[in-house]
Amino acid sequence: MPRFALKIDYDGGPFQGWQRQAAHQPSVQAAVEAALSRLQPGPHTIAAAGRTDAGVHGTGQVATVDLVRDWDPYRLSEALNWHLKPAPVAIIAAARVPDDFHARFSATERRYLFRLVARRAPVTHDRGRVWQVLNPLDADAMRAGAAHLTGHHDFTTFRSTFCQAKSPMKTLDEVSIYEHPYAGGVEYRFVLRARSFLHNQVRSIVGTLERVGAGGWTPDDVKAALEARDRAACGPVCPPQGLYLTGVGYRVDPFA
C-alpha cells in the first residue's frame with residue numbers, strides 16, 4: 001500500500017487535542033481520518049509526529065497514512081482539504097514516502113513556538129492563540145534562566161505526572177526568546193527545539209520562565225528547580241493556547 005506523509009496546519013481551539021478521543025469528542029486526528037474515509041472507505045489510523053494537547057495549535061504537524069490508491073500528492077491534499085471543511089484543519093503538503101518512513105519514529109527534531117503577549121488591553125484578533133499577561137517581562141532574565149535548561153538533563157521537574165515516557169532524560173537543543181512589537185504591548189516568542197519532548201515539558205518551561213520575567217523567580221531558581229528533579233519544584237504550567245507545533249525534522253525532508 002502506498003504510504004503518504006501529510007503536513008497539517010490546525011487551530012487547536014475546538015479540539016480535545018490531536019489524538020482520537022473516546023465518546024466522540026472532537027480531535028484533529030479524527031477530523032483527518034474522517035476526510036480520508038471519504039476518499040477510501042473503511043477505518044483509517046494515521047500516525048503523527050506529536051500528540052498535541054487540547055487547545056494546542058499546529059502549523060507543521062506531520063502524519064503518515066497508508067492508502068490503497070497511489071494518489072498524486074497534490075490531488076490528495078486538495079481532496080482532503082475539500083472534505084475537511086469546515087473544520088479549522090488544512091493539509092498544506094502531501095508527499096509519497098518510503099514504506100519505512102514513520103512520522104513519529106523517523107523524526108530527528110521537533111520544533112515548538114510559544115507566543116506570550118504582555119499588554120493591559122484584552123487581545124482581540126489573537127484571542128485563543130496567545131497567552132496574555134498584563135505587565136512587560138524581563139526578557140534578558142528569562143534568557144538567563146533558559147540557559148540552564150539547554151543540553152542533556154533529567155527533566156523530571158518539567159514533565160507532567162501523567163507523562164508516559166520511560167525516562168525523564170532529554171536533550172533540549174534550543175530555548176530562544178525573541179521580543180516583537182505588538183499593538184499596545186509586546187509579544188515574547190519562545191522557540192524550543194529537541195528530538196523529542198516530555199508531556200507538558202514546553203508549557204512547564206515557559207510557565208517557569210514567565211515567573212522569572214515577572215520578577216518572582218531569579219534565573220538561578222530555574223537551575224535549582226531543574227536540579228531538584230521534583231515536579232513540585234516547577235513553576236506554574238502555562239495555558240495551551242499560545243503553543244504551536246511548528247515543524248518536524250527528518251534526515252530527508254519528505255516535502256522538499
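Reader: Where along the chain is R229 placed?

Author: In this predicted model, R229 is placed in the loop between α5 and β10.

Reader: What is notable about the phi of R229?

Author: The general expectation is that most residues other than glycine have a negative phi, and that most peptide bonds are trans. R229 has a positive phi of about 50°, although it is not a glycine. N200 is a further case, since its phi is positive, about 70°, and it is not a glycine either. N200 lies in the loop between β9 and α4, and at 17% relative accessibility it counts as buried.

Reader: Which configuration does the peptide bond from K85 to P86 have?

Author: The bond from K85 to P86 is cis, with omega near 0°. P86 belongs to the loop between α2 and β4.

Reader: How should the length of helix α2 be read, and what span does it reach from its first C-alpha to its last?

Author: The span is compared with the one expected at 1.5 Å a residue. Helix α2 covers residues 73–84, twelve residues, and reaches 16 Å, close to the 16 Å expected. At the start of α2, a side-chain oxygen of D72 comes to within 3.2 Å of the backbone nitrogen of Y74.

Reader: Which residues of α2 are buried?

Author: L76, S77, A79, L80 and L84 are the buried ones. Viewed down the axis of α2, the buried residues fall within an arc of 165°, so they line one face of the helix. Those buried residues pack against β1 (3–10), α1 (28–39) and β4 (89–97). The face turned away from the buried side carries the exposed residues Y74, R75 and W82.

Reader: How many residues has the largest nonpolar core, and which have the most contacts inside it?

Author: A core is read as buried nonpolar residues joined through side-chain atoms within 4.5 Å. The largest here has 39 residues, and Y188 and F190 have the most contacts inside it. At least two residues of this core come from each of β5 (107–119), β6 (131–133), α3 (139–146), β8 (169–182), β9 (185–194), α4 (201–214), α5 (219–228) and β10 (243–250). Apart from it lies another core, of 24 residues, which includes L36, I46, L76 and L84.

Reader: Which residues does F190 touch, leaving aside those up to four places away in sequence?

Author: F190 touches Y112, L113, F114, L116, M142, S176, I177, V206 and L209.

Reader: Is E109 counted as buried or exposed?

Author: The cut-off for buried is under 20% relative accessible area. E109, at 16% relative accessibility, therefore counts as buried. E109 is found in strand β5, and its side chain is joined to that of R193 by a polar contact of 2.6 Å. Not counting residues up to four places away in sequence, E109 touches R193, A194, R195, G247, V248 and G249.

Reader: How many disulfides does the structure hold?

Author: In general, a disulfide is a covalent bond between the sulfur atoms of two cysteines. The structure holds zero disulfides. C163 is in no disulfide, and the nearest cysteine sulfur, that of C234, is 13 Å away. C163 is also buried, with a relative accessible area of 16%.

Reader: Why does the sulfur of C238 form no bond with the closest cysteine sulfur?

Author: The closest cysteine sulfur to that of C238 is in C234, 9.6 Å away, which is too far for a bond. C238 is buried, with a relative accessible area of 1%.

Definitions and conventions: Residues numbered from 1 in each chain as written. Predicted model: local features only at pLDDT ≥ 70, side-chain atom pairs only at ≥ 80, totals over all residues. Heavy atoms only, no water. Buried < 20%, exposed > 50% of the residue type's maximum accessible area, 1.4 Å probe, protein only. Helix = DSSP H or I, 4+ residues; strand = E, 2+ residues; numbered from the N terminus. Contact = heavy atoms within 4.5 Å. Disulfide = S-S within 2.5 Å. Expected span 1.5 Å × (residues − 1). Arc of directions from axis to C-beta. Polar contact = N/O pair within 3.5 Å; in protein donor to acceptor, adjacent residues only side chain to side chain.
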